[in-house]
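Student: I have a protein model open in front of me, and I would like to learn how to read its features one at a time. Could we go through it slowly together?

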Amino acid sequence: MRLALHPEPIVTYIVDRNINYTNVCASKCRFCAFYRTEDHPEGYVLAGGALAGKVEETIALGGYQILLQGGMHPGLALDFYTGMLKDLKARFPEVAVHGFSPSEIVFLARRSGCSLGEIITELKDAGLDSIPGGGAEILVDRVRQEISPNKCTADEWLAVMAEAHRQGMRTTATMMFGHVETFGERIEHLDRIRRLQDETGGFTAFIPWTFQPGNTQIRVPEVSSAEYLKFLALCRLYLDNVDNLQVSWVTQGPHVGQIGLLFGANDFGSTMIEENVVAAAGVSFRMPEEQMRRLIERAGFVPKRRRMDYSLRE
């Protein structure tokens, strides 16, 4: 299936940085080791200068996109988000902003008294280029009630993506598996992504990763790399209408990521100049671009830089 969709011997990747503009979050998900409450001494909100410094460093390291995500901060209004985007675009017009998960957008819509469409339009007009698939976890409300009861529902997550697609924005879709879900619920998640993609065609890629239990409130054994690879292959077969499948070397390590290229994946994801959320669970892999290119080549493919929409930069 991977060769049918991508007969060329190319594996793509992107040079970007995950920037968490805040770690304050009202969701308090049981699987998250990163968030802090509003009154916690370690809670933060990045000021304009600190955020700009991170982007400048990203550009210096060859980056051309930032993944901008934070928590569901109860004290930040819509103008904080639009102001942040406008400032970034004014300073760095060449840097693409891939930002704000559906959970953040739903939370912001509720607090602002605006519709999802109005919020997405405001963010888009301020400079948001695309939306990542964070906060999907498992798109089954039984699971969501158990691990993240304060977060948006599965229908709301899908509604954000459908509206973004209607407004011409491209997005990604994700799955975090290996915690309290059943195998049937994993399939329900895949099916809901597949049906929305049939309607809109707006997902550029699907990224499944395994739950990392360290420092969290959910005590389960970590999914094996063998199970991860088998499920990656199943994702490639099931989501035949989503062009690109990404490995999760951030949770599995670089060499399992490399093997994943032979289990259906055609994308190696991001070089991850910075990553904080998975690292908070005790898993911290880093990969220079040269190492990523070498891993792709040693798996028998040609590495190519890409943009979020999967157009090539080289």
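Tutor: Let us begin with a single residue and work outwards, keeping in mind that this is a predicted model. Ala173 lies in strand 5, and the residue beside it in number, Thr174, is found in strand 5 as well.

Student: Is Ala173 buried or exposed?

Tutor: The general idea is to compare the relative accessible area with a cut-off, and a residue under 20% is called buried. Ala173 has a relative accessibility of 1%, so it counts as buried. Thr174 is also buried, at a relative accessible area of 5%.

Student: Which residues is Ala173 in contact with, once its neighbours within four places in sequence are left aside?

Tutor: Its contacts are Gly133, Trp157, Ile193, Phe203, Ala205, Phe206 and Ile207. For Thr174, with sequence neighbours within four places again left aside, the contacts include Gly133, Gly134, Glu137 and His189. You can also compare distance in sequence with distance in space: Thr174 and Gly134 are 40 residues apart along the chain, while their C-alpha atoms are 6.4 Å apart. Ala173 and Val242 are separated by 69 residues in sequence and by 9.5 Å from C-alpha to C-alpha.

Student: Glu137 was among those contacts of Thr174, so where is Glu137 found?

Tutor: Glu137 sits in the loop between helix 5 and helix 6, and with a relative accessible area of 5% it is buried. Its backbone deserves a look too, since its phi is near 50 degrees, which is a positive value in a residue other than glycine. Phe100 is another such case, with a positive phi of about 65 degrees although it is not a glycine. Phe100 belongs to the loop between strand 4 (96-99) and helix 4, and it is buried at a relative accessible area of 2%.

Student: Now I would like to read a helix. How many residues does helix 9 have, and how far does it reach?

Tutor: Helix 9, covering residues 225-238, has 14 residues and reaches 20 Å from its first C-alpha to its last, close to the 20 Å expected at 1.5 Å a residue. Its buried residues are Tyr228, Leu229, Phe231, Leu232, Cys235 and Arg236. Seen down the axis of helix 9, these buried residues fall within an arc of 165 degrees, so they line one face of the helix.

Student: Why would residues that are not next to each other in sequence point the same way?

Tutor: An α-helix has 3.6 residues a turn, and therefore residues three or four places apart point the same way. On the other side of helix 9, Lys230 and Leu237 are exposed.

Student: What covers the buried residues of helix 7?

Tutor: Let us first see which residues those are: Ala154, Trp157, Leu158, Val160, Met161, Ala162, Glu163, Ala164 and His165 are buried in helix 7. Among the elements that cover them are helix 4 (102-112), helix 5 (116-126), strand 5 (171-177) and helix 8 (183-200). As for length, the 13 residues of helix 7 (residues 154-166) should span 18 Å at 1.5 Å a residue, and its end C-alpha atoms are indeed 18 Å apart. Helix 7 is followed by Gly168, which has a positive phi near 85 degrees.

Student: How should I read a sheet, and in what order do its strands come?

Tutor: One looks for which strands are paired and in which direction they run. Here three strands form an open sheet in the order 8-1-9, with parallel pairing. Strand 8 (267-270) and strand 9 (302-305) stand at the edges with a single partner strand each, so one side of each has no neighbour in the sheet. Strand 1 (residues 10-14) is joined to strand 9 by four bridges, and Val11 has Pro303 as its bridge partner in strand 9.

Student: Finally, how confident is the predictor?

Tutor: The mean pLDDT of the protein is 91, and 95% of its residues reach 70 or more. Over residues 277-284, however, the pLDDT is below 50, although this stretch has 19 contacts in the model beyond near neighbours in sequence. Where pLDDT is low, the predicted coordinates should not be read in detail.

Technical notes. Residues are numbered from 1 along each chain as its sequence is written. This is a predicted model: local features need pLDDT of at least 70, side-chain atom pairs count only at pLDDT 80 or more; totals for chains, interfaces and linings use all residues. Side-chain values use heavy atoms; hydrogens and water are left out. Helices (H or I, at least four residues) and strands (E, at least two) are DSSP runs, numbered from the N terminus. The expected span of a helix is 1.5 Å times one less than its number of residues. Buried means under 20% relative accessible area, exposed over 50%, partly exposed in between (1.4 Å probe, protein chains only). The arc is that of the directions from the helix axis to the C-beta atoms. Contact means heavy atoms within 4.5 Å. Two strands pair if DSSP finds at least two bridges between them. pLDDT is the predictor's confidence in each residue, from 0 to 100.
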